[in-house]
Amino acid sequence: MSRSDITPLSPRKLVVANWKMHGSLVRNQALLDGYLQGLQSLPQTDVVVCVPYPYLAQVQSVLAGTSVAWGAQNIAKYEEGAYTGEVSAEMLRDFGAHHVIIGHSERSTAYCESDENIAEKFMMAKRHGLIPILCVGETLLEREAGVMERVVGKQLETIIRLFGGEAFAHTIVSYEPIWAIGTGLAASAEQAVAMHQFIRDTVAAADKTAADSLKILYGGSVNPQNAVQLLNQKEIDGALVGRCSLDVEQFIKICQAVPENSVI
């Protein structure tokens, strides 16, 4: 049964931890305990932890009743059926998931996902009351060729064409330049701000109300040093953090980079 009861996003900046294919029950417990302790003094920051499927039960048990939300790193585009190895939206909801990452380049490249396939996953999440975190971005060759906006625009416009601009209401887009992910080389604040504004303008051209409720994060080698500049930009609503989310001290420092009393 489909559900569309997505809660409106808060006006605070958002930091999302993407653990990727890392974790164990023991390591996860230490990470989560460290998150909860470090975040006690950071009421201005919303935090979501996106974990591998096997650990959804663990994070639900540890994080239920805290200020930290949790989610998954992928979702099936089907409701149910003979799709061995896939995980449905309702399965994620059974474990209290609030969010799901859609279209991360590490998946879309490795598994040859089309923009249309990603769009279907995006809407499947929305239909079941999950908040999709849609990843968009360009390769280094595309940026050097100056076609980065065309590439990112196509990813957004596929969803707009199939489901309308209103599909972006109360959702999250993460701008993740593919050339920055895992390389240690993040986009400059100027590059990130320009793309974030382009993303919001693209959605606004289809549905202004949806664009106003959209959160746009930056992802791609976010660390405590560059987070200070990135998260102080009003156009950047937060960060999607990979490698540094596996280190409590670094992750908390990134969360601390959110300006006090910061609202979007």
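With 264 residues, a compact globule would be expected to have a radius of gyration near 18 Å, and the protein chain comes out at 17 Å, which agrees. Please keep in mind as you read that this is a predicted model.

**The chain as a whole**

Let us begin with the overall dimensions. Taken along the principal axes, the C-alpha atoms of the protein chain fill a box of roughly 45 × 45 × 35 Å. Within the protein chain there are 11 helices and eight strands. Of the 264 residues, 56% are buried. Contacts also reach across the sequence: among those between residues at least 6 apart, 74% join residues at least 24 apart.

What does the surface look like in numbers? The protein chain exposes about 11,800 Å², and 53% of this area is supplied by carbon and sulfur atoms. As for charge, there are 21 positive and 29 negative side chains, and the centres of the two sets lie 1 Å apart.

**Two helices to look at**

Helix α5 covers residues 115-127, and helix α8 covers residues 189-206; their spans are set out here.

| Helix | Residues | Number of residues | Expected span | Span in the model |
|---|---|---|---|---|
| α5 | 115-127 | 13 residues | 18 Å | 18 Å |
| α8 | 189-206 | 18 residues | 26 Å | 26 Å |

For α8, the end C-alpha atoms are 26 Å apart, in agreement with the span expected at 1.5 Å a residue. The buried residues of α8 are A189, A192, V193, M195, H196, F198, I199, R200, T202 and V203.

Why can α5 be called largely enclosed by the rest of the structure? The reason is that 10 of its 13 residues are buried. These buried positions of α5 are D115, N117, I118, A119, K121, F122, M123, M124, A125 and K126. Which elements cover them? The cover includes α3, β4 (99-102), α4 (105-110), β5 (131-136) and α7 (148-163). Just after α5, G129 takes a positive phi of about 75°.

**Around helix α3**

Helix α3, one of the elements covering α5, spans residues 89-94 and holds E90. Is E90 buried or partly exposed? Its relative accessible area is 23%, so E90 is partly exposed, as the cut-off for buried is under 20%. From E90 to S105 is 15 residues along the chain, and their C-alpha atoms are separated by 24 Å.

S88 sits in the loop between β3 (68-72) and α3. In contrast to the partly exposed E90, S88 is buried, with a relative accessible area of 7%. Leaving aside residues up to four places away in sequence, S88 touches I75, A76, Y78 and E79.

**Two unusual backbone angles**

Most residues other than glycine have a negative phi. Against that background, two loop residues are worth a look.

K20 is not a glycine, yet its phi is positive, at about 55°. You will find K20 in the loop between β1 (13-18) and α1 (25-38). K20 counts as partly exposed because its relative accessibility is 22%.

H170 is likewise not a glycine, and its phi is positive at about 55°. Where does H170 lie? H170 is in the loop between α7 and β6 (172-175), the helix α7 being among the elements that cover the buried residues of α5. At 29% relative accessibility, H170 counts as partly exposed.

Key:
Residues numbered from 1 in each chain as written. Predicted model: local features only at pLDDT ≥ 70, side-chain atom pairs only at ≥ 80, totals over all residues. Heavy atoms only, no water. Helix = DSSP H or I, 4+ residues; strand = E, 2+ residues; numbered from the N terminus. Expected span 1.5 Å × (residues − 1). Buried < 20%, exposed > 50% of the residue type's maximum accessible area, 1.4 Å probe, protein only. Rg over C-alpha atoms; globule rule 2.2 N^0.38 Å. Contact = heavy atoms within 4.5 Å. Areas by Shrake-Rupley, 256 points an atom, 1.4 Å probe, with all protein chains shown as cover. Lys, Arg positive; Asp, Glu negative; His and termini not counted. Charge placed at Lys NZ, Arg CZ, Asp CG, Glu CD.
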